[in-house]
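Trainee: Could you take one part of this structure and walk me through it slowly? I'd like to see how it sits among its neighbours.

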Amino acid sequence: MPLLIQNGEIITADSRTRADILVEGETISRIGTKLEAPPGTEVIDAAGKYVFPGFIDPHVHIYLPFMATYAKDTQETASIAALVGGTTTWIEMCCPSRVDDALESYRLWKSKAEGNGACDYSFHMSVTKFDDQTEGQLREIVADGIGSFKIFLAYKNFFGVDDGEMYRTLTLARKLGVIVTAHCENAELVARLQQELIAQGKTGPEWHEPSRPESVEAEGTHRFSTFLAATGAAGYVVHLSCEPALRTATRAKESGTKLWVESVIPHFMLDKSYAERPGVEGMKHVMSPPLRDKRNHKILWDALAAGLIDTVGTDHCPFDTSQKLLGRDTFTQIPNGIPGVEERVNLLYTYGVSRGGLDIHRFVDAASTKPAKLFGLFPRKGTIAVGSDADLVVYDPAYRGVISARAQHVNNDYNGFEGMEIDGRPSVVTVRGKVQVRDGKFVGDRRHGQFLKREPNHFQ
Ligand code: URP
Ligand code: ZN
Ligand code: ZN
């Protein structure tokens with residue numbers, strides 16, 4: 001059924017217009033004033049509301065075997081949560097361990113997603129070892145529609161690659177025009193610091209941050225940037241959390257390295273005192289890189305406003321209370337991760353745009369347009385234009401609410417952002433022309449999500 005969204009204020013990364021949007025089939029067919037509705041059209045009144053392009057989360061974990069357990073969400077639970085929160089597309093990390101076969105793992109991740117979720121999706125393919133088979137396998141995965149790789153400089157012996165493997169991955173990526181995303185921490189230093197702390201009897205979650213201090217992240221960021229410069233590959237630092245790493249990345253960008261930076265919503269909103277809470281409350285706030293000293297918040301918000309941080313993702317990765325308690329004896333066994341796919345857009349809007357003076361276009365850029373451009377989805381996704389997919393978020397800035405686990409759709413028994421106020425929420429959300437959320441509630445098709453084939457787009 002055609003859809004006419006009337007009277008809204010359309011906000012993209014670079015424009016602001018009061019106009020109607022006509023959707024026919026899966027795409028936007030017209031944008032203009034006083035558009036006529038063809039017979040049978042559903043009309044949505046967006047007066048007093050913003051209309052944003054569907055938001056894109058460039059970093060989520062849905063299916064994830066990790067730290068002796070599995071992340072809690074299914075494609076269905078996480079995609080419904082994403083849509084209620086305004087995210088219409090995500091890019092999931094496909095994360096085999098070093099002992100797994102890359103191609104088999106890619107097929108496994110894809111099979112978990114296919115036909116099982118409500119929002120559109122793609123994958124970043126993690127390269128967790130580089131042996132004689134890897135190049136052929138990665139070429140096959142790229143040909144299947146994957147335009148980005150992921151490497152981990154952390155998680156020694158599990159996901160982590162050594163410098164030789166990083167070099168080979170970047171060299172291949174350069175040839176293929178693929179962008180490489182990277183978790184930047186020094187795995188060796190983390191392992192040594194963990195051992196030292198535990199030997200001193202420092203086993204609680206409050207020691208997670210000291211085991212991977214800011215310098216360890218800055219070193220990883222510097223090494224990744226150095227390898228990018230040497231190979232000419234394009235790179236993207238995921239979940240950058242602190243000033244020293246930001247300074248390093250900014251210097252690399254300024255010197256011409258093809259480098260982009262993502263920070264994730266927990267690092268803007270939460271600080272290390274959350275992980276210092278006693279017992280399991282602290283464990284719930286363990287992720288890597290860790291929540292940092294609060295002084296970093298303003299630095300990250302300012303860098304986002306200035307475009308030094310390009311995108312905001314979530315690193316959505318839910319583990320429930322019983323899973324977090326796997327680390328009751330030692331913080332190194334606490335499954336790392338904080339969910340956020342449902343809260344990212346509302347928190348960024350509230351504490352960025354509504355209360356923090358963040359330019360509304362930069363907000364749209366960081367949470368939708370830039371991820372689309374960097375990862376080969378633009379202009380199909382990430383904007384509102386004739387011919388683009390009709391992924392639209394009618395956003396109500398007058399809504400007032402408080403985040404609570406009681407109301408969440410994510411499959412978890414707590415919410416890391418519990419009690420935080422929000423100044424707005426998506427009231428209607430469409431994915432390729434289908435209304436998936438109405439009045440803030442999921443009303444759509446749980447199987448509507450499609451795999452998005454992406455072409456490599458980093459050839460220069
Ligand atoms: O703590 C985190 N970030 N968990 C998920 C794995 C990763 O490092 O992205
Ligand atoms: Zn990571
Ligand atoms: Zn991650």
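Trainee: Which are the buried residues of helix α3 (residues 134-143)?

Mentor: Quick groundwork. This is a predicted model, where local features need pLDDT of at least 70, side-chain atom pairs count only at pLDDT 80 or more, and totals for chains, interfaces and linings use all residues. Residues are numbered from 1 along each chain as its sequence is written, while chains are lettered from A and ligands numbered from 1 in the order in which they are written.

Now your helix. The buried residues of α3 are Leu138, Ile141 and Val142. They span an arc of only 100° around the axis, so they sit on the same side of α3. (The arc is that of the directions from the helix axis to the C-beta atoms.) Turn to the other side of α3 and you find Gly136 and Ala143, which are exposed. "Buried" means that 20 or more other C-beta atoms lie within 10 Å of a residue's own, "exposed" means 12 or fewer, and partly exposed is in between, with C-beta atoms placed from the backbone. Helices (H or I, at least four residues) and strands (E, at least two) are DSSP runs, numbered from the N terminus.

What does the buried side touch? Those residues pack against α2 (102-113), β10 (120-126) and α4 (163-176). Contact here means C-beta atoms, placed from the backbone, within 7 Å. After α3 comes Gly145, with a positive phi near 115°.

Let's follow β10, since the helix packs on it. β10 belongs to an open sheet of 8 strands with parallel pairing, in the order β6-β9-β10-β11-β12-β13-β14-β15. Strands pair if DSSP finds at least two bridges between them. The edge strands, β6 (55-60) and β15 (311-313), each pair on one side only. From one strand to the next, the twist averages 30°. β10 runs parallel to strand β9 (residues 87-94), joined by 6 bridges, and Cys94 stands opposite Met125 in β10.

α4, the other helix neighbour, packs on the sheet too: α4 touches β11 (148-152) and β12, and its direction makes about 170° with that of β11. Such angles run from 0 to 180 degrees between N-to-C directions, and axes are lines fitted to C-alpha atoms, for helices over the stretch in contact.

One last stop along the sheet: strand β12 (residues 179-183) pairs in the parallel sense with β13 over 4 bridges, and Ala182 has Val237 in β13 as its bridge partner.

How values were computed: Contact = placed C-beta atoms within 7 Å.
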